[in-house]
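Student: I am new to this structure and would like a close look at one part of it. Please take the disulfides and the strands around them, and go through them step by step.

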Amino acid sequence: PSPPMIYLFLLPLLVTGQSNRCWSSGNGGPARWWNEGERIDRGRYWYECRRGELLPKGCFTQRQQRLSIGENFIQDDYEVTCDLSSQGFLKFKQTACMGPSERRFRLGETWNDDT
């Protein structure tokens, strides 16, 4: 009798030990296997290979500064935060406007413009 299909699928993973590796493109190169804990840069976002999955870890600013989820930076008079959506995707979220004297104004706040 032939082995069940599930065993045929798992056999390469057991033989090669790739169950904790991730298959993805990144860092400007073609798709390949990434080892557990390796960091993968993809466009404006970065990830880590954990337990065979790419976990979202953060974003890059326009100046290529690496940010973790929850960190923010200033761009074009706005505070922008590296955020993780409820669906698990990385995104940029405007969290404040920069007002006079570099003060941050959150959603709903106002200030008088002296110009």
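Tutor: A disulfide here is a pair of cysteine sulfur atoms within 2.5 Å. The model is a predicted one, and by that rule it holds two disulfides. If the bonded cysteines are numbered in sequence order, the pairing reads 1-2, 3-4.

One of them joins cysteine 22 and cysteine 49, whose sulfur atoms are 2.2 Å apart. This pair links distant parts of the chain, with cysteine 22 in strand S1 and cysteine 49 in strand S4 (residues 45–50), 27 residues apart. The torsion about the S-S bond of cysteine 22 and cysteine 49 is about 95 degrees, so this disulfide is right-handed. Cysteine 22 and cysteine 49 are both buried.

The other disulfide joins cysteine 59 and cysteine 82, with 2.1 Å between the sulfur atoms. Here too distant parts of the chain are linked: cysteine 59 belongs to strand S5 (residues 53–60) and cysteine 82 to strand S8, 23 residues apart. The link of cysteine 59 and cysteine 82 has 75 degrees about the S-S bond and is right-handed. Buried means under 20% relative accessible area. Cysteine 59 is at 0% and therefore counts as buried; cysteine 82, also at 0%, counts as buried as well. By contrast, cysteine 97 has a relative accessible area of 29%, so it is partly exposed.

Next, the surroundings of this second link. Outside its neighbours within four places in sequence, cysteine 59 is in contact with several residues, among them Trp46, Leu67, Cys82 and Phe92. Both cysteine 59 and cysteine 82 belong to the largest nonpolar core, which has seven residues. The other members of that core are Tyr47, Leu67, Phe73, Val80 and Leu90.

Cysteine 82 brings us to strand S8, which spans residues 78–84 and has five of its seven residues buried. On one side of the pairing is strand S7 (residues 72–75), which runs antiparallel to S8 over four bridges. Glutamine 75 stands opposite tyrosine 78 of S8. The hairpin of S7 and S8 has two residues between the strands, and aspartate 76 in it takes a positive phi near 50 degrees.

S8 also pairs in the antiparallel sense with strand S9 (residues 90–98), over seven bridges. In S9, phenylalanine 92 is the bridge partner of cysteine 82. Five residues lie between the strands in the hairpin of S8 and S9, where glycine 88 takes a positive phi near 90 degrees.

The aromatic rings come last. Phenylalanine 92 is partly exposed, at 27% relative accessibility. The ring of phenylalanine 92 and the ring of phenylalanine 73 have their centres 6.1 Å apart and their planes at 90 degrees, so the pair is edge-to-face. Because phenylalanine 73 lies in S7 and phenylalanine 92 in S9, the pair ties together parts that are 19 residues apart in sequence. Phenylalanine 73 is buried, with a relative accessible area of 9%. Tyr45, Phe73 and Phe92 form one aromatic cluster.

To sum up this part, cysteine 82 is bonded to cysteine 59 in S5, and cysteine 82 has phenylalanine 92 in S9 as a bridge partner.

Conventions: Residues are numbered from 1 along each chain as its sequence is written. This is a predicted model: local features need pLDDT of at least 70, side-chain atom pairs count only at pLDDT 80 or more; totals for chains, interfaces and linings use all residues. Side-chain values use heavy atoms; hydrogens and water are left out. Buried means under 20% relative accessible area, exposed over 50%, partly exposed in between (1.4 Å probe, protein chains only). Two strands pair if DSSP finds at least two bridges between them. A nonpolar core is a set of buried Ala, Val, Leu, Ile, Met, Phe, Trp, Tyr and Cys residues joined through side-chain atoms within 4.5 Å. Contact means heavy atoms within 4.5 Å. Rings of Phe, Tyr and Trp (its six-membered ring) pair if their centres lie within 6.5 Å; planes under 30 degrees apart count as stacked, over 60 as edge-to-face and the rest as tilted.
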